[in-house]
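Work through the exercises below with the structure in view. Try each task before reading the solution that follows.

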Amino acid sequence: MNKFVDLDYVPKKEDLICEFSVEPSENLSMKEACNRIAKESSIGTWTHVEHLNKEKRDKLRARVYSIDGNTAKVAYPPELFEKTNVPGTLASIAGNIFGMKALKNLRLEDVYIPASIDNAFEGPRYGIKGIRDTFGIEERPLIGTIVKPKVGLSSEQHANIAFEAWKGGCDVVKDDENLVNQDFNKFEERLDLTLEKRKKAEEETSETKGYMPNVTAETEEMLKRAELVKEKGGRYMMIDIVTAGWSALQTLRKHGPDLRIHAHRAMHAALTKNKKHGISMLTIAKFARLIGVDQLHIGTAVGKMEGEPTDIWEIEQEVENKIVRKHEDDHVLAEDWRDIKPVFAVSSGGLHPGLVQPLMQLLGKNIIIQAGGGIHGHPDGTRAGARAMRQAIDARMKGIDVEEYAEDSEELKKALDLWGAGKTYK
Ligand code: CAP
Ligand code: MG
């Protein structure tokens with residue numbers, strides 16, 4: 001009966017493994033619920049269908065090989081998947097099963113991706129090292145800002161604010177996730193004006209600066225915008241990976257120009273926020289790394305957006321390390337990323353200079369720290385806000401307490417007076 005549950009099965013290295021948290025519907029055992037998950041996500045349906053012979057059924061069926069409390073591990077034979085097709089793969093392991101009446105809740109916690117799938121993808125073009133080399137910044141976190149207000153500014157205002165941020169000490173400036181090609185701020189005009197200001201800022205500061213224009217759009221249009229960025233001398237493109245979709249991201253990585261990819265994750269929380277149901281951010285981050293983004297928003301723990309410190313730390317380890325070890329208690333499967341480069345983790349959302357210390361205490365130096373409100377909301381404006389942010393990072397890099405450092409840093413002092421100094425992460 002429970003043909004898809006085989007607790008004696010030892011998964012093969014070639015299998016794709018999923019770890020699920022499962023809450024069966026009333027009157028259904030965990031074992032039967034798991035059976036249905038493996039069945040629906042591989043070769044089965046609600047009733048027996050005779051078209052596959054026994055040999056094929058044995059070869060292709062998914063197997064639940066471990067059930068521990070509400071955690072189940074399922075092994076999928078690699079033949080089930082078209083190796084280069086992320087949407088197709090997710091339609092199996094993260095598809096119909098979420099809607100089955102048999103389950104009250106279901107959460108895909110992690111996926112082990114076998115070598116056959118890894119090898120089919122190129123991963124990030126630049127990765128952490130490539131990005132650090134671009135800017136010639138070896139150790140400290142990169143400092144970024146999002147031009148604020150999110151939308152409503154003209155292209156000219158946008159470019160001027162970007163200039164102020166670069167001048168004050170930001171390395172990268174990005175468009176917001178919902179700024180695309182609106183009438184009040186057209187993509188091409190914004191690109192031209194902002195790149196002009198980037199050049200000026202580079203000349204005046206003798207530092208390399210990055211502008212991350214949001215190319216998110218219908219796929220063909222997105223590719224056109226990406227080409228435009230390349231043509232005009234840009235180094236980056238930004239994409240909203242969840243709203244644009246996996247297929248669009250694959251296309252951009254494979255057929256888009258040679259630019260660094262900044263991945264914003266707007267809408268991820270519709271999938272990730274409910275701890276009992278949906279898909280973990282860890283899983284989303286894995287597929288983003290596999291396809292090949294260079295920078296990915298992972299959360300802050302200390303800022304305005306939801307996210308437990310441990311979860312965010314684990315996501316950082318997952319995107320940055322070559323070998324990820326299994327965390328039995330936390331639903332993290334072991335992974336070997338082989339030749340796939342590390343992704344630069346981005347922390348953003350409600351950050352300000354007073355939060356740099358606790359943030360770096362949690363995530364270390366290999367992060368891109370972004371602040372929108374926490375830079376443009378500085379009492380003396382954007383340039384001072386960027387200075388304050390840079391001072392806060394310098395303080396942490398030198399191991400000096402942020403409040404002590406602020407005694408000789410006017411901009412930092414004003415930022416701390418306004419927003420306070422968080423000493424440790426909550
Ligand atoms: C940050 C931000 C980012 C969020 C998204 C915003 O601005 O630009 O989109 O960080 O969250 O619009 O909120 P502030 P996450 O610095 O002004 O908060 O990075 O967690 O996906
Ligand atoms: Mg934003």
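**Exercise 1.** At roughly what angle do the axes of helix α16 and helix α18 cross, and within what distance do they come?

*Solution.* The model is a predicted one, in which local features need pLDDT of at least 70 and side-chain atom pairs count only at pLDDT 80 or more, while totals for chains, interfaces and linings use all residues. Residues are numbered from 1 along each chain as its sequence is written, chains are lettered from A and ligands numbered from 1 in the order in which they are written, and side-chain values use heavy atoms, with hydrogens and water left out.

Begin by locating the elements: helices (H or I, at least four residues) and strands (E, at least two) are DSSP runs, numbered from the N terminus. Helix α16 covers residues 382-397 and helix α18 covers residues 410-419, and their axes cross at roughly 95° and come within 8 Å. Here axes are lines fitted to C-alpha atoms, for helices over the stretch in contact, and angles run from 0 to 180 degrees between N-to-C directions. The angle therefore makes α16 roughly perpendicular to α18, given that 65 to 115 degrees counts as roughly perpendicular, under 35 as roughly parallel, over 145 as roughly antiparallel and the rest as oblique.

Next, list the residues that touch, where contact means heavy atoms within 4.5 Å. From α16 these are Ala-384, Arg-387, Ala-388, Gln-391 and Ala-392, and from α18 they are Glu-411, Leu-412 and Ala-415. Sorted by type, they give 5 nonpolar, 1 polar and 2 charged residues, where Ala, Val, Leu, Ile, Met, Phe, Trp, Tyr, Cys and Pro count as nonpolar, Asp, Glu, Lys and Arg as charged, and the others, Gly among them, as polar.

**Exercise 2.** Describe how α12 and α13 pack, and state which residues make the contact.

*Solution.* Helix α12 (residues 281-291) packs on helix α13 (residues 309-320) at an angle of about 20°, with the axes 10 Å apart. The consequence is that α12 is therefore roughly parallel to α13. Their crossing is right-handed, a word used when the near helix is turned clockwise from the far one by less than a right angle, whereas anticlockwise would be left-handed. On the α12 side the contact uses Met-281, Leu-282, Ala-285, Lys-286 and Arg-289, and on the α13 side Glu-314, Ile-315, Glu-318, Val-319 and Glu-320. These residues divide into 5 nonpolar and 5 charged, with no polar ones.

**Exercise 3.** Starting from Leu-223, find the helix that holds this residue and what Leu-223 touches.

*Solution.* Leu-223 belongs to helix α8, which spans residues 219-231. When neighbours within four places in sequence are set aside, Leu-223 is in contact with Thr-251, Leu-252, His-255 and Gly-256. Turning to the helices themselves, α8 and α10 (residues 246-255) pack at about 35°, their axes 10 Å apart, and the crossing is right-handed. The contact involves Thr-219, Met-222, Leu-223, Ala-226 and Glu-227 of α8, together with Ala-248, Thr-251, Leu-252 and His-255 of α10.

**Exercise 4.** Which protein donors hold the magnesium ion, and are those residues buried or exposed?

*Solution.* Donors are N, O and S atoms within 2.8 Å of the metal (3.2 Å for Na, K and Ca), and since water is not among the atoms, sites may look incomplete. For the magnesium ion (ligand 2), the protein donors are Asp-176 (OD) and Glu-177 (OE), at 1.9 to 2.0 Å. Both residues are buried, meaning under 20% relative accessible area, with exposed over 50% and partly exposed in between (1.4 Å probe, protein chains only).

**Exercise 5.** Determine where Ser-206 and Pro-149 lie, and what marks the backbone at each.

*Solution.* Ser-206 sits in the loop between α7 (187-205) and β7 (210-212), and has a positive phi of about 55° although it is not a glycine. At 68% relative accessibility, Ser-206 counts as exposed. Pro-149 is found in the loop between β5 (142-146) and α6 (155-168), and the peptide bond that leads to Pro-149 from Lys-148 is cis, with omega near -5°. For background, most residues other than glycine have a negative phi, and most peptide bonds are trans.
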